[in-house]
Amino acid sequence: MERCRVRNLVIVLGDQLDDDSAAFDGFDPAEDAIWMAEVPAEATYVWSHKARITIFLAAMRHFADALRDRGWTVHYRTTGDHAETTLAAALAADLATLRPERVIVVEPGEWRLWGELADTCAAARVAFEQRADTHFINPLSDFAAWMDGRKQPRMEHFYRLMRQRTGWLMHGREPVGGQWNFDHDNREAFGKDGPGVVPAPLRFPPDAITTAVIETVNTRYADHPGALDAFDWPVTRDEALEALDDFITVRLPKFGTHQDAMWIGEPWLFHARLSAALNLKLLNPREVCEAAIGAHRDGTAPLAAVEGFVRQILGWREYVRGLYFHRMPGYLDDNALGAEQPLPAFYWTSDTEMRCLSETIGDTLKHGYAHHIQRLMVTGLFALLFGVRPREVHQWYLAVYVDAVEWVEAPNTLGMSQFADGGVMASKPYAASGKYIQRMSNYCTGCRFDPAQKTGPDACPFTTLYWDFLGRHQERFADHPRLKMQIRNLARLDDAERDAIRAQAGALRESWSGSARQR
């Protein structure tokens, strides 16, 4: 790289592919430059799915080309073209050559990078400026003020505040339709006939740039989980906008009613498949929400579907980001329920007789995707009941999903799925038996386990572990307003049945605890 002098060196991280980024405010192409880097550590600090690595690198390369098309200088370090293994090391090497007066970056999506980038610039004696991420609707400072004094910061309260601030789906101070939340309308199963014809989301076959990335990933990360044969994610701004329009037009009208349902062979159903583009910042949450609200206004999508979709973005997405940064750096160590089991190896292979897990993990390994109920009430539920160490569950979710960035993944995993924060995020653990999965899917059809059985050779492990979970935590939840009825049901079992449940749950843990992933 030639020696040169740069006024502002603007860092663009892999999840900051935003044309309107605050990092570009005041950018002067004559004096400033962009810096981007592909480094092995970002793919290996968790054992990342090949599709996750691919979507980041492909989107980064396309974005860098788009910036160059503007006439901007982009210093881009490509996999295999440099020796540095971490972002900090790559940045340090280039600071010595480029000698910028200042480094600018917007708030990274992972806490670890906040300190690493600042420390690297300090060591090089280069001024460092970290700017608020205006991609998000709610600044972190506003979330911190909302959190002040709250012991139970419920998303629903935050969501209503955000509705009032934005005016979305509001008539003055009142919600459109007379209620804030239509969640009770959005929990239906498909029934025995299934979902019928489901319109497939748009596919984006790899172009030359993405094909080159796939070849690199298959070569350099050959031992990583997952496959790339089906890779078809949007990796540019134009593709992301096409995907948004496709969802709003084709699947949003049916999104709401069955958003919690699951069905074999239907990984997408009526879900948006936009989370990766949003988290890479190829899409802006404002335009996504406004597109959905426009569909309701035009009469092409029902209110329950639109409200449920807007709640995921304006409510959950903004809320979990605020909660993540409010609770870091200690959040990843939370373990309120004292879970200490290792993650079973079948989470990396889908090799299990439990059909719900086999199907969900199989789809995950194929696509780098599973929808929110598959994550919460199949893979997450089993880990909760089994008692897997929360940090291991977090690392798995961060590794295997193409939309996973720590700010969004960690709170959903640690707080909502695993109850590791002890009730800060969720009012109760999402604990259920195999009967829930039977009700919301056809996974139990043909499965050798019976969700109605607690013990015995045909007992569903979810059901066995559910009753064992209640037994292990009955003292903690005996007076819980949303769990005490379940604890009372446990008390109705006689000692012999409780002993049998405990013994069978112990045998399940013994059989799977020794099968943790070996690398």
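## Helix α14 and its neighbours

In helix α14, the buried residues are P390, V393, H394, W396, Y397, L398, A399 and V400. That makes eight of the eleven residues in α14 (residues 390–400), so the helix is mostly covered. Please keep in mind as you look around that this is a predicted model.

What do the buried residues of α14 pack against? Their partners are α2 (50–69), α12, α13 and α15.

## The chain as a whole

Stepping back, the protein chain holds 20 helices and seven strands. Its C-alpha atoms fill a box of roughly 80 × 55 × 50 Å along the principal axes. For 519 residues, a compact globule would have a radius of gyration near 24 Å, and the chain agrees with that because its own value is 24 Å.

Burial and contacts add to this picture. Of the 519 residues, 59% count as buried. Among contacts with a separation of 6 or more, 77% are between residues 24 or more positions apart.

On the outside, the chain exposes about 20,900 Å², and carbon and sulfur atoms supply 48% of that area. As for charge, there are 57 positive and 70 negative side chains, and the centres of these two sets lie 4 Å apart.

## Helix α17, an enclosed helix

Helix α17 covers residues 461–472, and its length can be checked with simple arithmetic. At 1.5 Å a residue, its twelve residues should span 16 Å; the end C-alpha atoms are 16 Å apart, so expectation and model agree.

Is α17 enclosed or open? Ten of its twelve residues are buried, which means that the rest of the structure largely encloses this helix. The buried ones are P461, F462, T463, T464, L465, Y466, W467, D468, F469 and L470. Their cover includes α12 (355–367), α13 (372–386) and α16 (434–440). It also includes α18 (474–477), α19 (484–491) and α20 (495–513). Helices α12 and α13 thus appear in the surroundings of α17, and they also pack against the buried residues of α14.

## Contacts that bridge the sequence

M155 sits in helix α6, which runs over residues 155–166. With 9% relative accessibility, M155 falls under the 20% cut-off and therefore counts as buried. Which residues does M155 touch, leaving out those up to four places away in sequence? They are R311, G315, W316 and Y319. M155 and M425 are 270 residues apart in sequence, yet their C-alpha atoms are 7.6 Å apart in space.

M425 turns up again beside G415, a residue of helix α15 (residues 406–417). Not counting residues up to four places away in sequence, G415 touches Y331, A410, D421, M425 and A426. G415 has 0% relative accessibility, so it counts as buried. Between the C-alpha atoms of G415 and L323 the separation is 9.6 Å, although their positions lie 92 residues apart along the chain.

## Loops worth a look

Where is N442 placed? It is in the loop between α16 and α17. Its relative accessible area is 15%, so N442 is buried despite not being fully shut off by that number. Beyond residues up to four places away in sequence, N442 touches M262, W263 and I264.

Backbone geometry deserves attention too. M328 and P329 are joined by a cis peptide bond, with omega about 10 degrees. P329 belongs to the loop between α11 (303–327) and α12.

Two loop residues other than glycine have positive phi values. L269 has a phi of about 50 degrees and lies in the loop between α8 (237–255) and α9 (275–280). K281 has a phi near 75 degrees and lies in the loop between α9 and α10 (285–297).

Are L269 and K281 buried or exposed? L269 is buried because its relative accessibility is 1%, and K281 is buried too, with a relative accessible area of 5%.

Note on methods:
Residues are numbered from 1 along each chain as its sequence is written. Side-chain values use heavy atoms; hydrogens and water are left out. Helices (H or I, at least four residues) and strands (E, at least two) are DSSP runs, numbered from the N terminus. The expected span of a helix is 1.5 Å times one less than its number of residues. Buried means under 20% relative accessible area, exposed over 50%, partly exposed in between (1.4 Å probe, protein chains only). Contact means heavy atoms within 4.5 Å. The radius of gyration is taken over C-alpha atoms; the globule rule is 2.2 Å times the number of residues to the power 0.38. Accessible areas come from the Shrake-Rupley method with a 1.4 Å probe; for residues, only the protein chains shown count as cover. Lys and Arg count as positive and Asp and Glu as negative; His and the chain ends are not counted. The place of a charge is taken as NZ of Lys, CZ of Arg, CG of Asp or CD of Glu.
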